[in-house]
Amino acid sequence: MNYYDSNAQFLTEYNEWLLEQMELISADDLEIIHVGDDIAFKLADEQGNEFFSASMYDPRYEAEQFLDGVNFDNTGYILLGMGSSAILKQILGNKTETAWVLIIEKDTRLVKKFLQEVDLSPYLSGQLQRVIILTDLMGDISGIMNHYIFSLIGYYFLQTDLLRTFASYRRDAEYYESVTSIIINQLRTTVAAMGNSMEDTLLGMSNELKNVPIALRSPKIKDLKEKFKGKPIICVASGPSLDKQLPLLKQVKGKAMIISAESAFKVLLKNDIAPDVLCILERGPNSYELSTNGVEIPEETALIALTLMDPRLPRVWNSHVVPVFKSNITHSRLMSEALGDLGTLYNGNSVAHLSYSVAQHLGGYPIVFIGQDLAYSEEGTTHSKDSFYVDQSDENITDEQRKQISASLQPDQNFYNKTVYVDGYYGGKVRTRELWRQFLFWMEHMLAILPAPLVINATEGGAEIKGAVNMPFQEVIEQYCQERTPSIPELFRDMAQPMDAELHDRMRNMIDFFNGRLGELERISTFAAEILQAIEQLLVEQPFSQDNSVEFLEMKASRIIRNVELLIKDMIKDSFCMFFLSPLLTNYHVKMNPISRVSSIERLKSILVHQSNFMMWIIDGRDQIMKVYEEGIREAVTELGLNSEELYFEAKQKWEPPNLELEEDNG
């Protein structure tokens with residue numbers, strides 16, 4: 001019997017594109033054997049040797065042995081290779097209803113044959129759709145994984161098992177090793193991205209709103225596109241190798257654009273080098289207090305910084321300021337859109353990533369890295385001797401800041417300070433930290449998705465950066481940095497300035513935009529309040545006595561549990577709301593994942609308590625967000641000299657919360 005159509009109906013929500021494409025795929029030439037209700041494929045390894053993908057005698061027992069020790073209370077499973085029906089059926093049969101299964105099988109034909117021959121209806125019928133299948137039809141597996149991990153399923157894969165089948169080892173070892181590396185790196189990056197607290201998010205929002213007047217009155221990043229095309233740009237970071245490059249860098253001033261990372265700024269100034277551009281990525285006050293406070297800002301240095309920078313920075317700078325909206329941060333991208341498209345840049349979580357993104361946007365050739373060690377020196381140092389990480393004699397640095405700097409560099413004190421090893425610039429392995437390895441992964445990602453004609457790593461030490469060509473800095477200068485290049489005042493001379501009427505219209509559009517988008521947050525908060533009321537009512541009813549069975553209590557709570565899932569799904573569908581609420585959702589999942597299965601009265605009570613707390617976090621978060629918007633927009637309107645009685649923030653929900661009693665009846 002062909003089960004393909006019946007299986008497909010349980011997979012359409014997250015596999016529609018694959019199912020459509022598989023209509024054109026023939027799997028008739030694949031040979032299988034049936035062992036009871038299970039199948040095994042006859043395949044060939046990389047040397048052409050034939051083998052069966054599962055036991056020909058007892059695939060169920062083999063699957064039990066393979067899955068021995070797997071925690072079926074997990075909320076995520078990644079299965080590499082789809083050759084054993086027994087393994088997949090046991091995962092589907094034992095996992096909780098809300099847990100996800102991500103299957104990566106390179107051979108699309110095998111997936112189609114599997115769906116034709118194996119009846120999955122006993123495991124999928126009547127259940128939430130929680131299965132995603134990826135095959136070679138998707139092309140770039142890294143990009144596809146990035147899409148899923150940074151969306152809905154990323155939260156469920158905070159607690160996961162990565163399961164690689166026997167057939168995947170034999171059939172295409174290199175492919176599945178690459179996939180495993182991609183998954184691990186992306187999950188690490190996801191955890192890092194989820195790490196921002198609500199306080200950090202609110203600080204960034206507040207800064208962006210305060211910097212709206214600066215963004216409207218300043219040159220736009222999009223107007224700088226390829227303004228330095230074909231000319232050398234040197235991106236300077238503050239790694240320990242920078243010290244030996246400073247004399248050469250001083251020679252190259254005026255013959256290449258010098259872009260300084262935040263922590264390298266004072267290093268360059270101490271060595272009589274005024275960079276052409278300073279890039280700043282951070283939102284906290286240290287960017288102002290450690291990097292620029294007490295410094296005489298050179299007139300020839302432009303500030304190109306994320307719009308969430310400390311609002312003091314652009315207001316003490318010279319006239320050359322370009323606030324940057326980050327395209328891969330939802331709030332920043334939408335704010336640029338709301339203000340009439342001021343331009344965005346894609347960048348990562350290090351200021352070095354922003355420096356590269358700016359250099360690539362300007363059209364630099366070549367783009368050159370120095371001081372980009374991303375590793376300890378042979379002597380164990382972490383930064384240039386003149387950076388505030390090493391030289392803390394600056395009287396502007398407080399004792400508390402000195403403690404913070406010291407703590408940030410303590411080895412193996414936390415996950416990000418953990419000692420790891422990566423490929424070195426000169427070969428072999430070099431010692432680094434988990435945080436720097438994440439920065440390295442992101443830099444290689446940046447070079448891949450924002451390619452430049454030539455990127456040179458002239459650091460002469462530290463980690464290898466895949467995608468960059470190694471070359472000594474002296475050779476770079478001799479080959480590429482011999483002609484005069486335009487200065488920042490020359491580059492900015494003809495940049496257009498906005499008219500007052502344009503400022504009014506852009507502010508009006510931004511306020512209308514956010515009033516509309518935050519209406520969705522209002523409705524989610526209202527929905528959360530309805531769920532919270534239902535949870536509190538159930539807990540007050542005291543049905544949790546030993547006289548009641550777990551099944552009875554789960555039935556009583558099923559409406560609430562289902563509606564929490566619905567609320568989460570609605571949250572994740574709205575990227576703007578998720579920008580604010582993702583730290584809360586991450587926290588919730590961290591607490592919920594270990595108790596995802598309702599297997600006892602105590603577990604059910606614990607689940608309801610966590611859900612109750614989650615609803616309260618959402619409601620409180622909404623109140624804080626609306627307050628930041630009200631205050632930030634009022635300040636921006638006043639600073640621009642506009643009418644605060646005409647331009648003000650007032651978000652209203654456009655949706656009524658669901659009738660929870662009706663939800664219960666329909667369930």
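**Group meeting: cores, sheets and cysteines**

Okay, let's start with Y629. Leaving aside residues up to four places away in sequence, Y629 touches M205, L209, H331, F514, L518, F576, F580 and F649. Keep in mind as we go that this is a predicted model.

So where does Y629 sit in the bigger picture? It belongs to the largest nonpolar core, which has 125 residues, and it is among those with the most contacts inside it, along with I104, L115, M507, M510 and L518. And which helix gives the most to this core? That's helix 23, residues 500-540, with 16 residues. There's also a second, separate core of 49 residues, and L281, F369, V430 and V455 are included there.

Now on to helix 26, residues 601-639. How far apart should its ends be? With 39 residues at 1.5 Å a residue, helix 26 should span 57 Å, and the end C-alpha atoms are 57 Å apart, so that agrees. Just after helix 26 you hit G641, which takes a positive phi of about 75 degrees.

Another helix residue I'd like you to look at is N207, in helix 11, residues 198-210. Buried or exposed? N207 is at 4% relative accessibility, so it counts as buried, the cut-off being under 20%. Not counting residues up to four places away in sequence, N207 touches R283, plus T307, L308, M309, D310 and P311.

Right, sheets. Going by sequence, begin with the hairpin: strand 1 and strand 2 form it, with two residues between them, and G36 in the turn has a positive phi of about 65 degrees. Strand 1, residues 31-35, and strand 2, residues 38-44, are antiparallel and pair over five bridges. If you want a spot to zoom in on, V35 stands opposite D38 in strand 2.

Next is an open sheet of four strands, ordered 6-5-4-7, and the pairing there is parallel. Which strands stand at the edges? Strand 6 (131-134) and strand 7 (160-164): each has a single partner strand, so one side of each is left without a neighbour in the sheet. The twist averages 15 degrees from one strand to the next. Strand 7 pairs with strand 4, residues 76-80, in the parallel sense over five bridges, and the bridge partner of L79 in strand 7 is L163.

Then there's an open sheet of nine strands, again with parallel pairing, in the order 13-12-11-10-9-8-14-17-18. Here the edges are strand 13 (344-345) and strand 18 (469-470), and since each has a single partner strand, one side of each is left without a neighbour in the sheet. Further in, strand 9 (residues 257-260) and strand 10 (residues 277-280) pair in the parallel sense over two bridges. S260 has L278 in strand 10 as its bridge partner. Over at strand 13, helix 17 (residues 330-338) lies across that strand and strand 12 (321-326), running at about 115 degrees to strand 12.

Last item, the cysteines. How many disulfides does a search of the whole structure find? Zero. Take C279: why no bond? The closest cysteine sulfur, in C235, is 7.6 Å from the sulfur of C279, and that's too far, because a disulfide needs the two sulfur atoms within 2.5 Å. C279 is also buried, with a relative accessible area of 0%. C481 counts as buried too, at 1% relative accessibility.

That's my tour, over to you.

Terms used: Residues numbered from 1 in each chain as written. Predicted model: local features only at pLDDT ≥ 70, side-chain atom pairs only at ≥ 80, totals over all residues. Heavy atoms only, no water. Buried < 20%, exposed > 50% of the residue type's maximum accessible area, 1.4 Å probe, protein only. Contact = heavy atoms within 4.5 Å. Expected span 1.5 Å × (residues − 1). Pairing = 2+ DSSP bridges. Axes fitted to C-alpha atoms, helices over the stretch in contact; angles between N-to-C directions. Core = buried A, V, L, I, M, F, W, Y, C linked by side-chain atoms within 4.5 Å.
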